[in-house]
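Biologist: Could you take a close look at one part of this model and explain, for a first-year student, how its pieces are linked to one another?

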Amino acid sequence: MRMLTARILCVGLLLVGGMVAMPAQARDISCRMTYSLKGWSLFYQTARGSGVVTCDNGQSLRVSIETKGGGLTIGKSEIHDGHGRFAGVRDIRDVLGAYATAEAHAGVVRSSAAQVLVKGNVTLALAGTGEGWDLGIAFGKFVIKAD
């Protein structure tokens with residue numbers, strides 16, 4: 001009986017010790033991006049820009065941005081004061097990569113835009129103001145790369 005009690009006690013201690021030694025689940029961090037973007041479209045759509053991603057855990061990363069796509073679209077635009085908010089991020093590197101885009105747009109001279117993009121578990125909500133003119137419907141990708 002003592003041997004059985006000792007074994008149960010050892011197994012219990014190992015289980016408790018294992019729980020203490022297990023790493024804590026990584027929590028999502030809050031990351032934001034400020035950016036500027038300039039581009040054109042005539043059936044084919046392209047734009048390039050740059051920005052900075054900062055997270056609430058102190059991480060920061062300078063990034064370059066490129067968009068490519070196509071559709072029934074024509075225009076030329078520039079975003080000066082763009083802001084993005086990420087969700088589903090565990091490390092700042094999670095923000096890098098290609099996000100799928102689909103948009104309908106129309107604007108003349110001063111315009112503003114808002115869009116939500118998805119890449120796996122990470123979402124990016126974009127909002128910005130700028131200048132230019134554009135009209136159409138386009139599909140493509142929004143790519144964020146580390147500088």
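Modeller: A disulfide joins Cys 31 to Cys 55, with 2.0 Å from S to S in this predicted model. The structure holds 1 disulfide. The link of Cys 31 and Cys 55 is right-handed, with 100 degrees about the S-S bond. Both Cys 31 and Cys 55 are buried.

The next step is to consider the strands. Strand 1 comprises residues 29–55, and strand 2 comprises residues 60–89. These two strands run in the antiparallel sense and are paired over 23 bridges. One position in this pairing can be found by eye: Met 33 stands opposite Gly 84, a residue of strand 2. Strand 1 and strand 2 form a hairpin, and 4 residues lie between them. In that turn, Gly 58 has a positive phi of about 95 degrees.

Charged side chains provide another kind of link. As a general point, side chains of opposite charge can pair when their charged atoms come close. The structure holds 3 salt bridges. One of them is formed by the side chains of Arg 48 and Glu 66, at 2.8 Å from N to O. Arg 48 belongs to strand 1 and Glu 66 to strand 2, so this salt bridge ties together parts that are 18 residues apart in sequence. The two partners differ in their cover: Arg 48 counts as exposed because its relative accessibility is 54%, whereas Glu 66 is buried, since its relative accessible area is 18% and the limit for buried is under 20%.

Glu 66 also meets the side chain of Lys 68 in a salt bridge, at 3.5 Å from N to O. Lys 68 is partly exposed, with a relative accessible area of 32%. Through salt bridges that share partners, Arg 48, Glu 66 and Lys 68 are joined into one network.

A further salt bridge is made by the side chains of Arg 90 and Asp 28, at 3.0 Å from N to O. This pair links distant parts of the chain, for Arg 90 and Asp 28 are 62 residues apart. Arg 90 sits in the loop between strand 2 and strand 3 (97–119), and Asp 28 sits in the loop between helix 1 (2–21) and strand 1. Arg 90 is partly exposed, at a relative accessible area of 45%. Asp 28 is likewise partly exposed, at 39%.

Finally, strand 1 and strand 2 contribute to a feature of the surface. A nonpolar surface patch of about 990 Å² is made by Trp 40, Leu 42, Phe 43, Tyr 44, Leu 72, Ile 74, Val 108, Trp 133 and Leu 135. Strand 1, strand 2 and strand 4 (122–146) are the elements that give two or more residues to this patch. Strand 1 gives the most, with 4 residues. Among the patch members is Leu 72, which lies in strand 2. Leu 72 counts as exposed because its relative accessibility is 64%, and exposed means over 50%.

The picture of strand 1 can now be drawn together. Strand 1 pairs with strand 2 in the antiparallel sense, contains Arg 48, the salt-bridge partner of Glu 66 in strand 2, and gives 4 residues to the nonpolar patch.

Terms used: Residues are numbered from 1 along each chain as its sequence is written. This is a predicted model: local features need pLDDT of at least 70, side-chain atom pairs count only at pLDDT 80 or more; totals for chains, interfaces and linings use all residues. Side-chain values use heavy atoms; hydrogens and water are left out. Two strands pair if DSSP finds at least two bridges between them. A salt bridge is a side-chain nitrogen of Lys or Arg within 4 Å of a carboxyl oxygen of Asp or Glu. Buried means under 20% relative accessible area, exposed over 50%, partly exposed in between (1.4 Å probe, protein chains only). Patches are made of residues with over 30% relative accessible area and no salt bridge: like charges are joined within 9 Å, nonpolar side chains (Val, Leu, Ile, Met, Phe, Trp, Tyr) within 5 Å. Accessible areas come from the Shrake-Rupley method with a 1.4 Å probe; for residues, only the protein chains shown count as cover. A disulfide is a pair of cysteine sulfur atoms within 2.5 Å.
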